[in-house]
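These entries record what I looked up in one structure, beginning with a strand and ending with a chain contact.

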Amino acid sequence: MAEQKQNIVEIRHLYKAYHRGSLVVPVLYDITFDIVAGEFLALMGPSGSGKTTLLNLLAGIDKADEGSIRVGDMDITALSETELAHWRANHVGFIFQFYNLIPVLKAIENVELPLHLTSLSKKERRDHAEMALRMVGLDHRMDHYPKELSGGEQQRVAIARAIVTDPTILVADEPTGDLDRVSAEEILAMMERLNAEMGKTIIMVTHDPRAAQRAKILRHLDKGYLTDDDSQNPL
Amino acid sequence: MAVPLSYSIRNLWQRRLTTILTVSGMALVVFVFAAILMMAEGLQKTLVDTGSYDNVVVFRKGSTSEVMSSIERKQASIVEMLPQVAIDHNGRRLLAKEVVVLISLQKQGDEKASAHSNVVVRGVEENSIPLRPQVKMVSGRMFRMGSSEIIVGNSIAKGFKGVGLQGTLNWGMRTWTVVGVFDAGNTGFSSEIWGDVDQVMQAFRRPVYSSVIFKLQNLAEFPASKGAIETDPRLTLEAKRETRYYLDQSEMMAKFLRILGLSLTIIFSIGAIIGAMITMYSAVANRIGEIGTMRALGFHRRNILAAFLAESLLLGFIGGSVGLFFASFMQFITVSTVNFQTFSELAFKFTLTGPIILQAMSFSLVMGLIGGLLPAFRASRMNIVEALRAA
Amino acid sequence: MMILKILFRNAFHNKLRSGLTILGIAVAILAFGLLRTVISSWYAGVEAASTSRLVTRNAISIIFTLPISYNEKIRQIEGVKMVSYGNWFGGVYINEKNFFPNFCVEPRTYLEIYPEFVLSPAEKKTFLADRKGFVAGRKLAAKYGWKIGDAVTLKGTIYPGNWDFVLRGIYKGRDDTTDETQFYFHWDYLNETIKKASSQMAGQVGFYMIAITRPDLAADVALAVDKTFKNSLAETLTETEKAFNQGFIAMSGAIVTAIQMVSFVVIIIIMAVVANTMAMTTRERIGDYAIMKTLGFGGRDITVLIFGESLVITLAGCLTGMILTFPAAAAFGHALETFFPIFIVSTETLYLDVLAAILIGCLAAIIPTRQAIRIGIADGLRRIG
């Protein structure tokens with residue numbers, strides 16, 4: 001045994017503050033930790049703890065003031081904005097609390113959207129998107145617009161969109177925050193499957209303890225600091 | 001285009017009312033723009049087509065229209081002998097001496113007595129006809145030389161009271177009968193009345209001609225003939241190619257139409273651009289979340305910029321097409337007005353040309369571009385995190 | 001007062017949108033004002049014309065002349081107070097781009113018939129005494145920098161040759177509708193010069209100007225004049241100056257109509273744009289209005305808010321547009337000076353501007369107000385999240 005598990009994400013001494021005019025409000029202090037490939041990590045903490053900020057930094061949609069983040073072999077803190085955009089398109093899948101689907105695009109088109117940033121042909125895009133939708137069990141609804149879908153279905157389409165580019169990491173910000181209990185269960189089960197069966201690395205921010213339960217590793221943030229290191233999920 | 005075009009198109013469709021209003025504003029501006037250009041074009045084309053490139057018009061130096069010009073018989077005879085004058089196979093010199101006066105006629109349809117216009121009465125010789133190949137009789141017959149018979153251009157027959165076939169006019173204490181109607185296509189001649197030059201000169205007591213027109217034996221000989229006429233000390237005359245002569249007569253009015261029209265159009269276009277700006281800013285404001293999402297997914301700032309610019313350019317394109325569509329119907333309308341320069345009646349049609357379509361479309365696209373530029377920049381420069389938060 | 005405070009803050013809450021809407025309205029008001037001024041300039045000649053002056057010209061068309069002998073005969077007709085005469089000269093000053101109306105007239109009688117042309121007695125005297133003298137309107141003299149005593153030459157187009165004149169008087173218009181761009185010289189100068197060249201064209205006038213004793217005699221005197229010369233070689237057509245000028249305008253009637261139509265369409269489109277903006281804004285504020293309702297504000301307050309906001313925007317735009325109209329009209333008038341010697345923004349136009357703004361502001365607020373009043377509080381609150 002003792003298969004050396006690879007670190008897919010390495011975070012070192014991350015510091016981030018928000019600037020409002022002349023006011024400086026620190027949000028993250030000296031964050032250092034690793035995420036192993038294939039991990040299903042839940043980040044928890046009270047509101048204002050900086051968990052969403054940490055997620056944003058990991059996903060490359062925000063820039064740290066100090067410190068470094070390596071994802072795969074890439075030090076994303078050294079990338080320019082254009083390079084980051086390119087990187088995100090290929091390495092990150094997003095799942096948002098409010099699904100964030102484009103209202104004027106059908107389900108299949110929403111899932112196809114990230115593929116427009118690749119060099120795939122029209123047919124290849126379509127095929128990949130259909131496959132992703134099939135994986136979340138919604139290929140029979142592919143021509144429906146978001147407003148014609150329930151909350152749970154919309155989130156599943158969002159998940160399909162998140163995995164269609166086969167990203168290195170999946171980041172989810174309160175994925176069940178706007179769902180009823182049944183739909184939330186569905187989504188969490190799906191995420192579990194993606195992690196277990198497809199080996200997807202998932203980093204999820206949540207304050208729902210039921211959601212946190214489904215993750216394998218739990219980390220807590222409070223007032224910008226990681227409070228418990230490496231604690232296994234007490235499930 | 002990284003962001004699919006269908007995104008832009010469908011967003012326009014989603015906010016249908018706003019899109020329709022903005023497009024209408026642009027369409028109106030394009031319509032006015034195109035209509036003005038069509039009017040000026042129609043005016044100039046009608047006048048230019050009135051002339052033939054191989055004809056030369058000789059008139060008194062300094063006069064801006066045939067009405068003001070006078071050429072004495074002696075002078076006309078000298079011009080007649082010029083070597084550059086073409087001679088047909090019958091040995092006839094293709095040269096005509098004509099007289100042009102204006103008479104006041106009442107317009108058709110308008111009940112007000114003041115709705116008059118000044119119509120050209122042209123006294124012509126037999127040689128005048130071969131010099132004007134555009135002129136064709138459509139009803140009745142040609143007038144007899146030496147009589148009080150006249151023929152009337154079809155624009156006049158249609159637009160004025162009592163001058164159709166068999167109608168009569170009274171001047172110079174004589175009654176003149178319309179024995180024929182002619183069609184000269186879209187040229188100034190369609191707005192004229194023709195009679196025998198000697199009869200007309202007598203009736204109006206004008207012992208001098210207004211102009212001499214001749215056909216060039218050889219197109220290249222125009223400069224030689226011009227030189228001969230203008231340097232001859234016995235003559236106080238000027239010569240121009242017929243096409244040039246008539247083009248010059250349209251300048252004042254074409255210029256007026258263009259200045260008036262263009263300045264009004266520019267003011268309207270500012271309004272249309274503002275309308276487009278309001279629409280696009282509002283569109284951006286409503287889609288902040290989407291913009292953040294797309295940026296998160298990996299779309300670049302320039303992709304976002306392009307997507308929103310595409311939307312406003314589409315607005316411009318649709319507006320331009322609609323405006324041009326309606327403008328093209330103006331081609332069925334004939335404008336009847338007095339040419340400021342010659343003071344005589346001229347009927348012309350709105351004329352749509354390829355260059356006008358191109359100009360109007362470009363204008364519309366530029367309006368879309370300018371209106372959409374700032375909002376598109378705003379969309380592209382958003383901060384991802386803030387945009388997502390605002391969703 | 002709280003309502004007003006909220007109203008103003010709301011109106012300028014989204015500065016960009018409000019700013020753009022105000023600008024849009026300003027542009028529409030500007031366009032409307034310019035179009036109306038263009039039309040009234042076109043009719044300026046008609047406005048300035050008098051109904052107690054008649055114009056007599058050759059019945060065939062104005063390019064034909066009348067004999068000078070008619071002068072005496074016209075003077076003797078009942079109702080005629082004074083007769084003058086003149087010809088359109090159509091001379092060119094340096095080149096054709098410098099267009100202005102120039103006439104030769106019988107100076108003494110003409111100036112009597114036109115009290116609107118105000119000349120100082122000294123200038124009038126020198127003008128009458130110098131056969132080669134001319135008077136020019138104030139605007140015309142200013143444009144070319146002519147001073148009293150300057151020599152000016154016109155190139156004749158109808159009467160060929162170079163004609164020399166000396167500026168003897170500059171007239172001011174008595175009314176603001178009086179054309180101050182005209183050029184008058186002695187008919188005798190023309191006549192004597194032509195006589196020397198060829199006697200045929202001499203002794204002919206282009207028009208007779210008749211001042212009548214009472215305006216209501218116009219129709220009778222006109223008929224009498226034309227009757228006098230019926231069946232002669234040069235039959236006459238006499239009408240009031242107003243009708244004569246109207247005839248000219250009717251010649252380009254098509255263009256005037258087109259411009260009038262465009263002015264109306266402009267207003268309608270802008271109304272639509274403003275209405276749309278107000279609707280957009282109200283949609284976004286539904287939540288606010290719902291909250292206010294929970295706090296106890298009633299339908300009337302909401303109405304005041306929405307109407308008020310709409311009117312603040314439209315009137316601000318109207319004011320901006322009206323202010324911009326004046327310099328724009330000045331520039332426009334300058335560029336098209338040769339065609340529109342009179343280019344003044346009338347007070348009537350300004351009243352119409354304000355009326356249009358109020359109308360647009362109210363119309364744009366109607367539907368949003370109905371929506372805001374009708375919507376249930378719960379619905380409204382839901383729309384905020």
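Entry 1. I began with the two faces of strand β6 of chain C and found both covered. On one side I listed C:Gly133, C:Val135 and C:Gly137, and on the other C:Phe134 and C:Ala136; all are buried. I note that the model is predicted.

Entry 2. I then asked why β6(C) is largely enclosed by the rest of the structure. The strand covers residues 133–137, and 5 of its 5 residues are buried, so the surroundings largely enclose it. For this reasoning I took a residue as buried if 20 or more other C-beta atoms lie within 10 Å of its own.

Entry 3. Which strands pair with β6(C)? I found 5 bridges to β8(C), residues 161–173, and the two strands run parallel. Within β8(C), C:Ile170 stands opposite C:Ala136. I also found 3 bridges to β9(C), residues 183–186, in an antiparallel arrangement. There, C:Phe185 is the bridge partner of C:Phe134.

Entry 4. I turned to the contact between chains C and B. On the chain C side 42 residues take part, in contact with 45 residues of chain B. I looked up which helices of chain C each supply at least two residues of that side, and recorded α2 (15–42), α10 (241–251), α11 (253–295) and α12 (299–335). The largest share comes from α11(C), with 12 residues. Sorted by class, the side of chain C that touches chain B has 31 nonpolar, 9 polar and 2 charged residues.

Definitions and conventions: Residues numbered from 1 in each chain as written. Chains lettered and ligands numbered in written order. Predicted model: local features only at pLDDT ≥ 70, side-chain atom pairs only at ≥ 80, totals over all residues. Buried ≥ 20, exposed ≤ 12 C-beta atoms within 10 Å, placed from the backbone. Helix = DSSP H or I, 4+ residues; strand = E, 2+ residues; numbered from the N terminus. Pairing = 2+ DSSP bridges. Contact = placed C-beta atoms within 7 Å. Nonpolar A, V, L, I, M, F, W, Y, C, P; charged D, E, K, R; others polar.
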